[in-house]
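The following note sets out several points on the model for your consideration. Each point is confined to one region of the chain.

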Amino acid sequence: MAIDFIEELRWRGMLHDMMPGTHEQLQKEMTCGYIGFDPTAPSLHIGNLATIMLLVHFQRAGHKPIALVGGATGMIGDPSFKAAERSFLDEDTLRINQEGIRKQLESFLDFNAGENSAEMVNNYDWFKDIGFLQFLRDAGKYLSVNYMMSKDSVKKRLETGISFTEFSYQLLQGYDFYHLYKTKNVRLQMGGSDQWGNITTGTEIIRRKEGDEEGYFKAYALTTPLVTKADGSKFGKSEGGNIWLDPERTSPYQFYQFWLNQSDDDMPRYLRVFSLKGREEIEALETSHAAEPHLRIMQKALASELTTRIHSEKAYQTVLKASEVLFGKATLETLQSIEVDEFDTIFDGVPQTEITREDWNNAANVLDLVSTVTKSEIYPSKGEARRAIQQNAVSVNKVKVTSEAQALSGFALLQDKFLLISKGKKNHLIKVG
């Protein structure tokens, strides 16, 4: 195969642990492997990206990736390194969440690649027909309580308490591996390093149910390190919470800015984990960045790649316009190039005031508009607005206001609806209804 999956993970720093024989199995033949995704929300977030990239590299190396959406296990919740038990989700919520995850994975994996096309499965499809007694017979008797209690994910919860429901989670996930092994010839389960205990439970069930020691080497486990920041703090959140892949939850502009704001210390690792760029290209970016760190070359490269892949090329171009308008040296021509459907994205988070068409037509001049007509939402008084204009600190549509008496007829509404007021470096959007 053109790409050695394990060696690719090694140089990228994406290999944490794997069972003996895993590399040999992958070199021997096209192998089917899977990763489970928890459908607790209708969108994946960037905390899921590292494991998604495992599947991406797996498919690029010629293997067959399967994404398992845990419709059944999602009703219980994985206790792994959680401080407390989670609330249960109902079937309708889980179904909505699963569909959202499916759409997002399609932007990463090729579901029409022939023999190694990606697949998505839902473990609810097989668990819904398994009765409690049948499950105890088919899975429960193959693992001892001592074995299950030895897992770190369980031991950390024994002091505070763990329900039987969550305690049984590893048995359910282990049975997933066994079911896929039997029905789809899946030989490998992958995941984050915190999933090692759950994954090896699956290999143990397969070994015991297959009836001989050789069965142990028919199924394999591989994990990737959890991504953290250079200072050891948690990766994947901003002041507003999770950074989602869904543009309705995190706008493309917010998504782009998240990556742009990452520290220089973190970027070499993030480029290796989240980018599809090769080693030489990444090392070249590091060299260029070191020479001119103020240009944030590494951050812009990764932000560009991920925004385009996850959202679209059009969304990325809109983000560039937004950055230029809000922080760069945008001109009137830049503003005039913004399409109507781009305004919400570009000015997301910018203070906005709505006025009527009559208010706009009746405004005596710029001073009247930015103080009285907008109900003092831009400048609290005419006196303050007047001083700002005299200090050359006010712009309308990126054109400096030179006189408080300047007539509004000299400023055309953007898309016949919007007007951008700049107060020094701060922006305020006026919408004319």
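1. Leaving aside neighbours within four places in sequence, His 428 is in contact with Val 350, Pro 351, Gln 352 and Thr 353, with Glu 377 and Ile 378, and with Leu 419, Leu 420 and Ile 421. The model is a predicted one. His 428 itself is found in strand β13, which spans residues 426-432. Its relative accessibility is 6%, and His 428 therefore counts as buried, the cut-off being under 20%. The C-alpha atoms of His 428 and Gly 349 are separated by 10.0 Å, although the two residues are 79 residues apart along the chain.

2. Three residues, Tyr 34, Tyr 169 and Gln 173, are covered by the annotation "binding site" in the unreviewed UniProt entry. Of these, Tyr 34 lies in strand β2, residues 32-37. Is Tyr 34 buried or exposed? Tyr 34 counts as buried, because its relative accessibility is 1%. Not counting residues up to four places away in sequence, Tyr 34 touches Ile 66, Leu 68, Gln 173, Asp 176, Phe 177, Leu 180, Val 186, Leu 188, Gln 189 and Met 190. Gln 173, one of these contacts of Tyr 34, is also covered by the "binding site" annotation from the UniProt record.

3. The same unreviewed UniProt entry carries the annotation "short sequence motif: 'HIGH' region" for residues 39-48. In the model, the chain over residues 39-48 is 0% helix and 0% strand. The end C-alpha atoms of this stretch are 11 Å apart.

4. Helix α12, residues 252-260, is mostly covered, with 8 of its 9 residues buried. The buried residues of α12 are Pro 252, Tyr 253, Phe 255, Tyr 256, Gln 257, Phe 258, Trp 259 and Leu 260.

5. The axes of helix α13 (residues 267-274) and helix α14 (residues 279-291) come within 11 Å and cross at roughly 155°. Angles over 145 degrees count as roughly antiparallel, and α13 and α14 are therefore roughly antiparallel to each other. The crossing in which α13 passes α14 is right-handed. On the α13 side, the contact is made by Pro 268, Leu 271 and Arg 272, and on the α14 side by Ile 282, Glu 283, Leu 285 and Glu 286. By class, this contact of α13 with α14 has 4 nonpolar and 3 charged residues, and no polar ones.

Technical notes:
Residues are numbered from 1 along each chain as its sequence is written. This is a predicted model: local features need pLDDT of at least 70, side-chain atom pairs count only at pLDDT 80 or more; totals for chains, interfaces and linings use all residues. Side-chain values use heavy atoms; hydrogens and water are left out. Axes are lines fitted to C-alpha atoms, for helices over the stretch in contact, and angles run from 0 to 180 degrees between N-to-C directions. Helices (H or I, at least four residues) and strands (E, at least two) are DSSP runs, numbered from the N terminus. Angles under 35 degrees count as roughly parallel, over 145 as roughly antiparallel, 65 to 115 as roughly perpendicular and the rest as oblique. A crossing is left-handed if the near helix is turned anticlockwise from the far one by less than a right angle, and right-handed if clockwise. Contact means heavy atoms within 4.5 Å. Ala, Val, Leu, Ile, Met, Phe, Trp, Tyr, Cys and Pro count as nonpolar, Asp, Glu, Lys and Arg as charged, and the others, Gly among them, as polar. UniProt positions are given in the numbering used here, feature names are shortened, and annotations may be inferred rather than shown by experiment. Buried means under 20% relative accessible area, exposed over 50%, partly exposed in between (1.4 Å probe, protein chains only).
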